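Thanks for coming. I will go through one structure, starting with a term we need and then moving from a strand to charged pairs and cavities.

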Amino acid sequence: MKPLTPTDLEAYNRPNGEMKEWIRVQLDTGGIAAGAEEALAEFTRVRDENHQTIPVLRVGSVGYSFADPVVEVKCPGLPRILYGQVSAEVAGLILRDHVMNKRQIDDHAIATRQRRLTIDQPVTQILVRDTGADLSSKTEFFQFTFVEELKRRNLTERVQVVRAFDMGVYHEGVVVQLLPSGVTYTNVLAADVARIVTESVAKKRVLDDLLFKQPNPQVRIVLRNCGEVDPDSLEDYLTMARGYQALRRALTEMTPEKVIAEMKASGLRGRGGAGFPTWLKWQLTGAQKSAERYVICNGDEGDPGAFMDRSVLESDPHSVLEGMILAAFAMGSTHGYFYIRAEYPKAVERVERALVQAREAGLLGKNILGSGFSFDAKVRLGAGAFVCGEETALIASIEGKRGSPSPRPPYPSVKGLWGKPTAINNVETLANVPAIILNGGAWYAKNGTDASKGTKVFAVTGKVKNAQLVEVPMGTTLRQIVFDICGGVLDDKDLKAVQTGGPSGGVIPDKHLDTPVSYETLQQLGSIMGSGGMLVMDKTDSMVEVAKFYLRFCVDESCGKCAPCRIGGYQMLQILDRITRGRGTAADVGILRRICTAMQKASLCGLGQTAPNPVLSTLRYFEEEYKAYIEGGPSYARKISGRGQTVETTKETAKAAVTP
């Protein structure tokens with residue numbers, strides 16, 4: 001591609017018509033591991049074998065990990081639809097039935113989350129699924145009932161009834177969605193089928209008593225382009241995602257001060273965990289008297305179970321790059337680095353390709369868009385050390401030194417990479433920036449709470465039905481995330497706790513599930529936001545074992561530079577190991593608390609300061625489990641953990657059982 005001018009970019013900003021048909025195969029690491037490349041090959045083979053012309057495209061992931069591999073299909077005469085768990089065999093079925101015969105396939109369709117309240121187009125598909133906890137699914141019965149009712153009304157040629165894979169609505173009995181409008185009915189009974197066909201299908205009237213009126217709790221800003229564009233194509237980003245329009249606006253219509261003012265109005269805070277105001281970090285870095293400044297994208301995502309940053313880098317690398325260039329413009333930086341862990345080869349590959357494409361298009365390098373502003377960026381690989389997520393350790397790693405933290409102040413904004421002022425933002429923070437500059441800070445600030453603006457991406461994993469990436473406005477409750485979006489606890493067991501913030505976070509018991517998620521509220525509960533990992537645990541999980549697992553991780557990942565972390569972490573791990581073996585004493589609980597306090601106050605960096613969080617939070621909410629291990633040993637403790645009982649309650653239960 002030849003170097004672009006502002007006029008060239010402005011032309012991309014005009015509507016140019018969408019493709020009439022396509023098959024999009026989502027190819028992030030999770031999808032590829034589940035067989036997405038094999039599905040892509042089968043789509044291409046069957047298409048060519050049957051002399052079809054529908055484009056088969058490669059895109060990033062929408063984040064539905066529970067449904068990988070995920071494919072989206074658009075055909076004339078049919079609504080756009082996502083299919084989940086698309087194996088090579090299913091891929092051939094989709095192409096033959098959906099593309100060639102205009103019939104959606106059963107058991108793989110994912111209902112749209114953009115649910116409407118009116119029917120403005122003729123109904124062509126009815127998705128149906130039983131979402132109740134009852135093991136005897138009624139899905140096939142209701143599909144048959146709808147088909148029979150459509151036959152009575154002579155509508156079978158016009159309307160198809162499809163068994164859905166996922167409805168996005170849970171624990172609401174039989175759920176029905178009418179496409180293409182997206183009108184959704186819940187708790188549908190057999191007696192309602194005739195009414196739905198007569199009123200909604202035939203007359204386009206909405207049945208208010210069945211209508212599901214809750215709006216989609218997700219707001220996709222960071223994930224806005226994921227699953228929509230080919231991450232390997234700059235042309236896709238320019239034509240379909242308003243790519244680099246924010247950069248054009250900043251360089252032609254704004255000053256660095258205006259960019260920072262827009263970021264201040266947005267209220268965006270660092271999404272790496274600390275929550276420091278993004279605009280202030282940029283302002284402090286730009287205010288330093290230095291001929292050289294650096295901007296770093298922290299892609300060193302090391303929390304167990306977290307995959308937010310990896311997915312964004314793999315699915316929308318140009319968005320993160322554009323955010324980095326805007327940050328550099330705001331603070332007067334000319335060089336940048338993507339620090340990405342080497343365990344993310346697909347992310348590294350796609351970011352490096354994005355850098356090459358941006359240079360070729362004149363969007364990276366000298367005199368960008370003829371503005372006189374110059375900036376270039378490189379990729380540096382991390383070796384997988386968790387401590388290198390800390391700013392000063394990350395800087396040391398880029399400089400070729402051992403990745404260990406340094407005392408602060410001075411902070412990187414004053415003295416960072418090679419002694420120069422440096423701003424470090426994580427992937428999610430930078431991905432927000434182009435949308436803010438294009439739409440305005442006030443637009444972004446409409447989401448969230450007074451103190452925590454915007455949205456947050458979470459990787460919800462563990463014992464949850466639908467593990468996935470979730471992007472919700474700050475202030476959304478944990479209950480909404482776990483139950484309304486992710487479908488609740490696996491096997492419909494009782495939820496015991498949610499762990500946020502990775503190894504540095506804490507556990508939040510079920511009694512606090514209605515707490516709005518924000519930086520402040522999570523800290524009050526003894527946890528942290530972290531980068532966005534969220535682990536769901538049920539009543540069978542031992543909180544002492546959970547604390548030991550995360551503490552062991554922190555001990556293994558400690559750089560060992562400071563004694564409070566190096567010695568304190570090891571001592572706590574030995575005590576926890578002793579307790580879980582049934583050899584602990586009552587004094588151990590007090591010792592644990594004292595060591596935790598010492599580590600929080602005296603450790604050099606965030607790893608040591610927050611490593612005690614899992615121990616402290618489990619002591620705060622589940623101290624009875626520690627007592628159970630100490631007083632009755634592992635078997636006794638497991639009974640209490642599984643029943644969600646206290647030591648005293650269990651003793652009373654046991655006493656009652658032997659009393660005649």
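First the term: a residue is buried when its relative accessible area is under 20%, exposed when that is over 50%, and partly exposed in between, using a 1.4 Å probe and protein chains only. What we have here is a predicted model, in which local features need pLDDT of at least 70 and side-chain atom pairs count only at pLDDT 80 or more, while totals for chains, interfaces and linings use all residues. Residues are numbered from 1 along each chain as its sequence is written, and side-chain values use heavy atoms, with hydrogens and water left out.

Let me begin with strand β13. Helices and strands here are DSSP runs, numbered from the N terminus: H or I over at least four residues for a helix, E over at least two for a strand. Strand β13 covers residues 422–426, and five of its five residues are buried. T422, I424 and N426 point one way, while A423 and N425 point the other way. Which strand pairs with β13? Strand β10, residues 294–299, does so in the parallel sense, over five bridges; to count as a pair, two strands need at least two DSSP bridges between them. Within that pairing, Y294 stands opposite T422.

Now the charged pairs. Side chains of opposite charge can pair when their charged atoms come close. The rule used here for a salt bridge is a side-chain nitrogen of Lys or Arg within 4 Å of a carboxyl oxygen of Asp or Glu. How many salt bridges does that rule give? The count comes to 47.

Take R310 and D28, whose closest N and O atoms are 3.9 Å apart. R310 sits in helix α11 (residues 308–315) and D28 in the loop between β1 (22–26) and α2 (29–34), so this salt bridge ties together parts that are 282 residues apart in sequence. Are these two residues buried or exposed? R310 counts as buried because its relative accessibility is 15%, and D28 is buried too, at 3%.

A second pair is D166 and R113, with 2.5 Å from N to O. D166 belongs to strand β7 (residues 160–166) and R113 to the loop between β5 (109–110) and β6 (125–130), so parts 53 residues apart in sequence are tied together. D166 and R113 are both buried.

A third is E428 with K456, at 2.8 Å between the closest N and O atoms. E428 is in helix α15 (residues 427–439) and K456 in strand β14 (residues 455–462), 28 residues apart. Both are buried. There is also a network of salt bridges that links D232, K346, E349, R350 and R353.

Last, the cavities. A cavity is a set of points, on a 1 Å grid over the protein atoms alone, where a 1.4 Å probe fits but cannot get out; lining residues have an atom within 4 Å of a point. Points are joined across faces, edges and corners, and volume is the space filled by probe spheres set on them. The whole structure has two cavities of 30 Å³ or more. The largest has a volume of about 80 Å³. Of its 13 lining residues, S558, C559, C562, C565 and C605 are the closest to its centre. The second largest holds about 40 Å³. Its lining includes P304, T461 and Y550, and strand β18 (residues 533–538) gives the largest share, three residues.

Methods. 1 Å grid on protein atoms, 1.4 Å probe; cavity = no way out; pocket = protein on both sides within 12 Å on 5 of 7 lines; lining within 4 Å.
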